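Visitor: I'm new to looking at protein models, and I'd like to zoom in on one part rather than skim everything. Could you take me through the aromatic rings in this one, and what surrounds them?

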Amino acid sequence: MELRSGSVGSQAVARRMDGDSRDGGGGGKDATGSEDYENLPTSASVSTHMTAGAMAGILEHSVMYPVDSVKTRMQSLSPDPKARYTSIYGALQKIMRTEGFWRPLRGINVMVMGAGPAHAMYFACYENTKRTLNDVFHHQGNSHLANGIAGSMATLLHDAVMNPAEVVKQRLQMYNSQHRSALSCIRTVWRTEGLGAFYRSYTTQLTMNIPFQSIHFITYEFLQEQVNPHRTYNPQSHIISGGLAGALAAAATTPLDVCKTLLNTQENVALSLANISGRLSGMANAFRTVYQLNGLAGYFKGIQARVVYQMPSTAISWSVYEFFKYFLTKRQLENRAPY
């Protein structure tokens, strides 16, 4: 799906959307004659990035949600004997057979509601911050430092919206959860633990997601330079780069994800075994509790499920995002073109 020189508005589409021009100019064609997909106008960036980001977030989390449910259970520090799993496929089979066909999807509604606005702000912030910092650091071209900082800044907005959704989602995903719906979970947590419960893992989430997103964005942009140097619209390159970037970032940050899950779920059996009364709070306490109960191996519980979840998840996210960014900007330019 590349733009050709004969298409309506293709000359305008040959100017970059994210504003970080690698050729120092305003677009044009590469040596093979294909248009520079990334060279799109900055005027459409905010609305386009937000719409494309929202679509990417919703599809990413919806498609991979069953695997995310398995990951949450595999990270349990003291799982019920009926909820011990050796593989992702086996876990999904067991959950559907013993708890109902739709059980792996419980909580997907709250995740979709959070993912749309969270990813809209996330990608819009990333693109605009990246463009600004590239101008500061490199003047022309692509700076990995700018990409890492932009990803970190975008994470602050993303997690502020997603953290409450994560708390509700993970409590619904746990085996033998007392909550039967997202609304009942929200009401119970609010009544028994207060508003702070929805942000108990926020610092841990940021501590995990800032390095995750830094690794993720730097790797993605680096791989794009290798497999898609002219930045044409190339779905295969977006899928490959996104998948590998997500897998690497997921593996590196699994220990933090385990701690986040413990803070979100407040796993009763685990807290009892660790002689913790009341609620567990704080990243440092979570790290100590994980080590106390399972040693170093505890920090990598569910790593297979996390990588298997993140690899296609980020591939879906980037491919959907890049498609909608391309499509929406192309349509905007076609509507502006004189007839």
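Guide: Here's a walk from the whole chain into the rings, and then out to the surface.

One thing to keep in mind as you look: this is a predicted model. The protein chain has 13 helices and 0 strands, so from the N terminus on you'll just read α after α. Of its 339 residues, 56% count as buried. Take the contacts between residues at least 6 apart in sequence: 76% of them join residues at least 24 apart. Keep that in mind when we get to the rings.

Now for the rings themselves. The structure holds 15 aromatic pairs. Let's pick one: Phe 123 and Trp 318 sit edge-to-face, 5.5 Å centre to centre, with 85° between the planes. That angle counts as edge-to-face because it is over the 60 degrees needed. Phe 123 belongs to helix H5 and Trp 318 to helix H13, so this pair links distant parts of the chain, 195 residues apart.

Are these two rings buried or exposed? Phe 123 has a relative accessible area of 1%, so it is buried. Trp 318 is buried too, because its relative accessible area is 2%. The cut-off for buried is under 20%.

You can compare that with another pair, Phe 323 and Phe 324. Those rings are also edge-to-face, at 5.3 Å centre to centre and 80° between the planes. Phe 323, though, is partly exposed, because its relative accessible area is 25%.

Back to Phe 123 and Trp 318, which have company. Ring pairs link them with Tyr 122, Tyr 126, Phe 217, Tyr 220 and Tyr 321 into a cluster. Let's stop at Tyr 321 and see what's around it. Leaving out residues up to four places away in sequence, Tyr 321 touches His 49, Ala 52, Gly 53, Ala 56, Phe 123 and Glu 127. So Phe 123 turns up again, as a contact of Tyr 321.

Some of these names come back once more when we look at nonpolar cores. The largest nonpolar core has 15 residues, and Phe 123, Tyr 126, Trp 318 and Tyr 321 are the ones with the most contacts inside it. The elements giving two or more residues to this core are helix H2 (45-63), H5, H6, helix H8 (202-227) and helix H13 (303-336). There's also a second, separate core of 12 residues, with Met 64, Val 70, Ala 83 and Ile 95 among them. A general tendency fits here: in soluble globular proteins, nonpolar side chains tend to be buried together.

But nonpolar side chains can be found on the outside of this model as well. Val 136, Phe 137, Leu 145, Ile 149, Met 153 and Leu 156 form a nonpolar patch on the surface, with about 510 Å² of accessible area together. Helix H5 (108-137) and helix H6 (144-173) each give two or more residues to it, and H6 gives the most, with 4 residues. One of the patch members is Met 153, placed in helix H6. At 41% relative accessibility, Met 153 counts as partly exposed. For the whole chain, the accessible surface comes to about 14300 Å², and 62% of that belongs to carbon and sulfur atoms.

So, if you rotate the model, start at Phe 123 and Trp 318, both buried, and then swing out to Met 153, which is partly exposed.

Note on methods
Residues are numbered from 1 along each chain as its sequence is written. This is a predicted model: local features need pLDDT of at least 70, side-chain atom pairs count only at pLDDT 80 or more; totals for chains, interfaces and linings use all residues. Side-chain values use heavy atoms; hydrogens and water are left out. Patches are made of residues with over 30% relative accessible area and no salt bridge: like charges are joined within 9 Å, nonpolar side chains (Val, Leu, Ile, Met, Phe, Trp, Tyr) within 5 Å. Accessible areas come from the Shrake-Rupley method with a 1.4 Å probe; for residues, only the protein chains shown count as cover. A salt bridge is a side-chain nitrogen of Lys or Arg within 4 Å of a carboxyl oxygen of Asp or Glu. Buried means under 20% relative accessible area, exposed over 50%, partly exposed in between (1.4 Å probe, protein chains only). A nonpolar core is a set of buried Ala, Val, Leu, Ile, Met, Phe, Trp, Tyr and Cys residues joined through side-chain atoms within 4.5 Å. Contact means heavy atoms within 4.5 Å. Rings of Phe, Tyr and Trp (its six-membered ring) pair if their centres lie within 6.5 Å; planes under 30 degrees apart count as stacked, over 60 as edge-to-face and the rest as tilted.
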